[in-house]
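Visitor: I would like a close look at one part of this model, and then a careful account of how that part sits within the whole. Please take one chain as the centre and work outward from there.

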Amino acid sequence: MINIRDKGAELWETWNRPKRITFVLVLIGLVGLLPYAGDFSFTSILNTPISSYQAVLVYPVGMFVLMALGLNIVVGKSGLLDLGYVAFFAIGAYTAAILGTKTHLNIWEILPIGMGLAMISGVLLGLPTLRLRGDYLAIVTLGFGEIVRIVAVNNRSTGGPNGIANVPNPPSIFGVRFALDNMKGFFWIIFVMILLVIWMVRRLSIRRPGRAWEAIRQDEDVAMLMGVPILRYKIWSFSIGAAIGGAAGVIFASKSMYVAPDMFTFNTSVLILSCVVFGGMGNIWGVVLGGTILAYLPERIRFINNARQLVFGLALVVIMNVRPDGLLPRKKREKITKVSAKPEGDSNV
Amino acid sequence: MRLEIKDLHVFYGKIEAIKGISVTVNQGEIVTLIGANGAGKTTMLKTISGLRPVASGQILFDGQDISKVSAHDRVSLGISQAPEGRGIFPGMTVLENLEIGKYFRKERKNEMSEDLEKVYHLFPRLKERATQAGGTLSGGEQQMLAIGRALMARPKVLLLDEPSMGLAPMMIANIFRIITEINQSGTTILLVEQNAQQALQRAHRAYVLETGHVVKEAKASDLLNDPDVKAAYLGTGAAAAH
């Protein structure tokens with residue numbers, strides 16, 4: 001089996017700084033132009049047949065990639081199985097809906113509040129539950145996801161099963177307008193958020209939190225024996241993931257202008273987790289690819305109607321059989337690598 | 001440095017694994033706990049390093065009761081463990097494994113190269129393997145790495161859990177030689193072993209554990225000649241009977 005990830009990393013290693021920067025800028029530029037791709041002759045193959053192409057780029061594609069990146073910190077980096085990730089998405093969305101309709105705060109002012117509330121709920125959920133391991137944590141988080149949805153159904157301030165309508169669109173920034181008839185703006189703002197998350201995760205991975213998460217994922221007991229305060233780092237991982245989910249929720253609510261409890265079912269949690277596992281747990285590029293494919297494919301094949309879910313399911317089963325570690329799995333360090341000519345005592349902890 | 005365990009009781013659910021054990025480790029000693037499977041040796045070490053909760057009794061470290069202190073804080077007090085089965089992080093390189101041994105230390109950047117040198121001096125093999133993944137090392141190399149990683153924390157007392165487990169005789173002799181070397185450079189060692197022969201030859205004092213109790217406590221050299229110990233743990237019982 002060819003290893004695209006290793007090939008890519010090798011190529012990257014051989015490039016110098018200007019070459020890398022150019023590549024990244026070109027890539028960012030190309031992705032930024034994606035909303036226009038539907039209008040050109042040869043890229044119009046990307047067009048989704050029934051749903052609006054630009055809307056699909058925002059939700060599900062952009063949202064799923066963003067949330068999968070957030071969940072990847074929890075599941076992929078620190079090995080905590082979270083089956084209720086949609087709860088944080090819901091908390092962000094309802095924060096935007098309630099504050100957006102009841103106060104004069106605009107969406108950009110609500111964004112940090114939504115992230116903060118999601119983060120706090122992550123800490124509150126994490127403090128008692130992150131002492132649990134494996135299956136137990138999965139069950140508790142699954143329960144939490146359901147609790148948030150059921151509270152939203154039964155609470156008057158969240159509009160009950162009808163939800164909340166007329167959530168405002170964000171005000172323009174840098175001349176970019178955000179409205180239902182201009183999805184490009186939403187796509188770009190999510191794209192910027194995705195870039196920020198990727199940047200943050202890459203920074204954290206090579207620093208102390210990343211090392212701590214890696215140690216916790218590989219062996220919790222030994223991590224403790226190395227002096228890693230594991231509860232603290234698990235809560236950090238959990239709440240950073242939660243904040244990203246909350247941010248996605250705020251943008252989602254203001255993009256749809258409407259939230260309702262049935263948008264935040266267990267299904268969504270599982271789909272986002274699938275993006276992470278399908279793409280390659282722990283590897284950012286794998287997760288981005290996984291999120292893109294799993295969100296885009298069902299929309300692209302919408303023309304085959306009823307067989308759509310069947311084809312989607314089959315594709316999942318086949319690919320997970322062929323590539324059980326995901327499309328672009330994390331680096332396999334277990335295999336023998338040749339001794340590099342790195343200077344001795346060189347360390348980057 | 002003085003590690004004093006007083007009347008320790010530890011449970012796994014309803015099963016009492018440690019039934020009132022008292023052990024003292026003085027500065028500069030190698031103390032060994034020997035005994036058969038299920039005697040409670042590993043549980044003792046896990047409880048001292050904080051992985052198992054104490055049901056009753058005290059763990060005094062320099063006179064301070066640490067039985068409520070969390071495991072990661074005990075590392076910064078100066079208690080370091082090379083766990084049973086070595087506990088190498090398989091996906092991290094040898095160097096990364098060693099670096100994480102220094103995780104809690106504030107002075108880690110200044111100390112890093114000095115301590116890496118020390119560990120590489122003790123275990124030259126680790127230097128050759130520095131960029132190789134921990135999971136690809138042989139059993140002996142992994143044991144070296146586990147001990148080296150524990151030393152990176154500059155422990156006052158080093159807890160070693162069955163360092164000879166699953167190793168070839170040559171490697172066992174090698175590891176025990178290095179354990180003595182570490183001890184001579186000033187680190188106190190509490191050693192748990194099934195290989196009583198080697199452990200008693202290297203240790204100053206020894207405790208014999210049976211099903212959660214201490215049945216014998218003596219100088220290690222005395223136990224080497226003790227008929228009961230010989231019969232039960234040194235495998236020379238049959239020969240002596242003839």
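Guide: What follows looks closely at chain B and then turns to its partner.

The model is predicted, and every value below should be read with that in mind. Chain B contains 11 helices and 10 strands, and along its principal axes the C-alpha atoms occupy a box of roughly 55 × 45 × 30 Å. Its radius of gyration is 18 Å, which agrees with the value near 18 Å for a compact globule because the chain has 242 residues. Of those 242 residues, 48% are buried, and among contacts between residues at least 6 apart in sequence, 65% join residues at least 24 apart.

A good place to go closer is I189(B), which lies in strand β8 (residues 188–193) of chain B. I189(B) has 22 other C-beta atoms within 10 Å, and since 20 or more are needed for a residue to count as buried, I189(B) is therefore buried. Setting aside neighbours within four places in sequence, the contacts of I189(B) are I30(B), L158(B), L160(B), I179(B), I182(B) and N183(B). A further relation across the chain links I189(B) with Q81(B): these two are 108 residues apart along the chain, yet their C-alpha atoms are separated by 9.9 Å.

Two residues of chain B deserve attention for their backbone angles. Most residues other than glycine have a negative phi. D62(B), however, has phi near 55°, and this residue is placed in the loop between β4 (56–61) and β5 (64–65) of chain B. R86(B) likewise has a positive phi, near 75°, and its place is in the loop between β6 (79–82) and α3 (94–100) of chain B. Their surroundings can be set side by side: D62(B) counts as partly exposed because it has 13 C-beta neighbours inside 10 Å, whereas R86(B), with 23 other C-beta atoms within 10 Å, is buried.

From chain B the view passes to the partner chain. The contact between the chains takes 29 residues from chain B and 23 residues from chain A. On the side of chain A that touches chain B, α8 (208–218) and α9 (220–225) of chain A each supply at least two residues, and by class that side has 10 nonpolar, six polar and seven charged residues.

Chain A itself has 13 helices and two strands, with C-alpha atoms in a box of roughly 60 × 55 × 45 Å along the principal axes. Its radius of gyration of 21 Å agrees with the value near 20 Å for a compact globule, because chain A has 349 residues. Buried residues account for 44% of those 349 residues, and 77% of the contacts between residues at least 6 apart in sequence join residues at least 24 apart.

Among the helices of chain A, α4 (residues 86–102) has 17 residues and reaches 24 Å from its first C-alpha to its last, close to the 24 Å expected at 1.5 Å a residue; α4(A) is mostly covered, with 14 of its 17 residues buried. Elsewhere, the axes of α5 (residues 107–129) and α10 (residues 230–256) of chain A come within 7 Å and cross at roughly 145°, and the crossing of α5(A) and α10(A) is right-handed. The residues of that contact divide into 15 nonpolar, nine polar and one charged. Finally, the peptide bond from Y59(A) to P60(A) is cis, with omega near 10°, and P60(A) is found in helix α3 (residues 53–77) of chain A.

Notes. Residues numbered from 1 in each chain as written. Chains lettered and ligands numbered in written order. Predicted model: local features only at pLDDT ≥ 70, side-chain atom pairs only at ≥ 80, totals over all residues. Axes fitted to C-alpha atoms, helices over the stretch in contact; angles between N-to-C directions. Helix = DSSP H or I, 4+ residues; strand = E, 2+ residues; numbered from the N terminus. Left-handed = near helix turned anticlockwise from the far one by under 90°. Nonpolar A, V, L, I, M, F, W, Y, C, P; charged D, E, K, R; others polar. Contact = placed C-beta atoms within 7 Å. Expected span 1.5 Å × (residues − 1). Buried ≥ 20, exposed ≤ 12 C-beta atoms within 10 Å, placed from the backbone. Rg over C-alpha atoms; globule rule 2.2 N^0.38 Å.
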